[in-house]
Amino acid sequence: MRTLGLLMLMIFGVTAWSQVDEEKENKTAFSLKEAQEYALTHAFSNRDRELEFEKAKRTINETRAIGLPQVSAGLDFTYNAQIGKTAIPSESFPGMAPGDIFYLPMGVTYSNIGNLNVNQLIFDGSYFVALQASKVVKEGARLDVQRSEIEIRRDVAQAYYGVLVTEETIEIIKENVESLQKNFKETRALYDNGFVEEQDVDQLELLVTGLENTLDRSERQLILAKMLLNFNMGRYIETEIELTDKTEELMVSEETVQESAFKLDANVNFKYVQAVERGAQLSVKNEMWKYAPTISGFVRHGQSNYTNDFDQTFDFNHYWIPNTAIGASLKWDLFTGLRRNAVTQKAKLDLEQATLARMQTANQLTMQYEQAKSDYEYAFDNYNTTKRNVELSKRIRDKTRIKYQEGISSSLDLTQVENQYFEIQQNYLQALQQLLNAKENLDAAIGQP
């Protein structure tokens with residue numbers, strides 16, 4: 001009963017865990033953080049980098065195996081359908097006439113030779129360098145995964161912001177359309193009663209129609225923006241998705257961003273080129289070690305069986321001739337036609353290129369950070385400016401509407417301020433998206449996972 005209870009508990013646990021995974025796969029509502037975490041697991045590019053990292057770990061095990069004992073065994077079975085003979089002069093046998101040749105069979109019909117070989121590498125400078133190099137390869141693959149994660153977080157965040165801003169754009173347009181449609185109906189009623197001119201009605205109708213077209217285009221853009229977000233997350237592009245965060249919840253103050261200082265040694269891209277340079281250094285070291293000899297030891301044991309009777313071929317009661325050898329071998333390539341020197345010089349040139357790449361990358365990363373920082377500071381100031389402009393434009397629009405209703409302002413004046421208000425609203429949303437994207441670019445330029 002206890003065993004049955006444990007089995008049922010295990011089944012329940014596995015089922016519950018699979019249900020959690022299924023719910024995660026079928027999830028449609030995401031915060032920004034949830035979307036980024038989902039992408040780190042499902043995004044195509046990151047999955048490929050993680051596979052490369054796993055391959056790098058296997059490479060280390062593969063390299064280590066070279067220094068472990070290598071054991072092999074074999075068995076040769078031979079059926080001599082026609083046994084060879086050796087010609088022997090008759091003088092070798094007493095009583096035979098001189099000048100004759102006697103043909104003596106040499107061998108038996110069946111033979112078995114079994115062997116067991118054990119080889120152990122004792123000294124090889126290249127092997128120890130290869131162990132170090134495989135660790136560098138693993139580190140490079142790990143850093144490549146981190147670089148991919150930074151890019152994925154940025155791409156998902158910017159796509160997320162694109163959806164949020166487009167949704168806000170649609171809400172603003174709907175609000176303006178609803179307000180203008182109300183004014184349009186009131187103005188048409190006034191025109192029908194002869195209080196305003198037809199031009200006033202036409203002006204408002206043009207404004208409403210233009211906003212309705214803009215609304216239709218924005219709704220289409222929202223579909224594309226959600227497709228892009230799904231794609232960056234590693235989901236089917238037409239999957240339904242809902243965003244739970246709002247733009248005001250994602251805003252970051254300028255002071256908060258300044259706390260994330262740029263440190264070159266902590267930047268994952270710089271660490272990656274450092275790993276490449278270490279790999280080039282080890283490549284030179286490996287070529288230099290090839291000038292040294294290699295030493296390996298071996299143990300060889302064999303058993304041989306010879307018989308003319310097939311029934312005794314695999315009879316272990318029959319005599320098997322043993323042979324055992326223990327020894328060591330030294331291999332030293334003293335001259336390789338100058339090829340080794342050419343390969344060594346080439347490896348040194350690769351190292352020089354890797355060093356130059358590291359120095360160049362250091363300057364590029366510093367410049368990218370300064371540019372990203374400058375872009376963010378400008379975006380922050382531009383956002384605050386456009387935000388104030390929206391408030392000013394709204395006051396102007398509201399006052400002009402009151403004047404228009406009182407007959408003080410014309411329909412042309414109203415159209416101009418309505419267009420101005422909508423344009424400034426659009427500028428505000430663009431500045432908001434620019435600020436959010438600039439913040440993600442700054443984080444990516446800092447380059448810390």
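The exchange below works through how several features of this predicted model earn their labels.

User: What makes Lys55 and Glu52 a salt bridge?

Analyst: The side chains of Lys55 and Glu52 meet with N and O 3.4 Å apart, and since a side-chain nitrogen of Lys within 4 Å of a carboxyl oxygen of Glu is what the term requires, the pair therefore qualifies. Both residues lie in helix α3 (residues 44–66), where they are three residues apart, about one turn of the helix. By this rule the count comes to 15 salt bridges.

User: Why does Lys55 count as partly exposed, and why does Glu52?

Analyst: Lys55 has a relative accessibility of 49% and Glu52 one of 37%; the class in between runs from 20% to 50%, so partly exposed is the label that applies.

User: How do you know that the end-to-end distance of α3 agrees with its number of residues?

Analyst: At 1.5 Å a residue, the 23 residues of α3 should span 33 Å, and because the C-alpha atoms at its ends are 34 Å apart, the two values agree. Among the residues of α3, Asn46, Phe53, Ala56, Ile60 and Thr63 are buried, and what covers the buried residues of this helix includes α2 and α4.

User: Glu287 and Lys290 form a salt bridge, so which of the terms buried, partly exposed and exposed fits each partner, and why?

Analyst: Glu287, at 9% relative accessibility, counts as buried because that value is under 20%, whereas Lys290, with a relative accessible area of 38%, is partly exposed because that value falls between the two cut-offs. The closest N and O atoms of this pair are 3.4 Å apart.

User: What makes Arg397 buried and Asp398 partly exposed?

Analyst: Arg397 has a relative accessible area of 5%, which is under 20% and therefore buried, while Asp398, with 28%, lies above that cut-off but not over 50%, so partly exposed is the term for it. The side chains of Arg397 and Asp398 meet in a salt bridge of 3.0 Å, N to O. Salt bridges that share partners join Lys394, Arg397, Asp398, Arg401 and Glu418 into one network.

User: Why are β2 and β8 called the edge strands?

Analyst: The open sheet has four strands in the order β2-β5-β7-β8, with antiparallel pairing, and β2 (70–79) and β8 (321–331) are its edge strands, as each pairs on one side only. Neighbouring strands of this sheet are turned by 15° against each other on average, direction ignored.

User: How do you know that β2 and β5 pair?

Analyst: Pairing requires at least two bridges, and β2 and strand β5 (residues 110–123) are joined in the antiparallel sense over ten bridges, so the condition is met. The bridge partner of Asp76 in β5, for instance, is Ile113.

User: Which residues have the most contacts inside the largest nonpolar core, and which helices supply it?

Analyst: This core has 62 residues, and Val156, Tyr160, Leu229, Met233, Leu243 and Leu250 are those with the most contacts inside it. At least two residues each come from α2 (32–42), α4 (125–192), α5 (198–233), α8 (268–289), α9 (339–405) and α10 (411–446), with α4 giving the largest share, 15 residues. Leaving aside its neighbours within four places in sequence, Leu243 is in contact with Phe30, Tyr160, Val163, Leu164 and Leu229. Apart from the largest core lies another, of eight residues, including Leu143, Ile150, Val268 and Leu282.

Terms used: Residues are numbered from 1 along each chain as its sequence is written. This is a predicted model: local features need pLDDT of at least 70, side-chain atom pairs count only at pLDDT 80 or more; totals for chains, interfaces and linings use all residues. Side-chain values use heavy atoms; hydrogens and water are left out. A nonpolar core is a set of buried Ala, Val, Leu, Ile, Met, Phe, Trp, Tyr and Cys residues joined through side-chain atoms within 4.5 Å. Buried means under 20% relative accessible area, exposed over 50%, partly exposed in between (1.4 Å probe, protein chains only). Contact means heavy atoms within 4.5 Å. Axes are lines fitted to C-alpha atoms, for helices over the stretch in contact, and angles run from 0 to 180 degrees between N-to-C directions. The expected span of a helix is 1.5 Å times one less than its number of residues.
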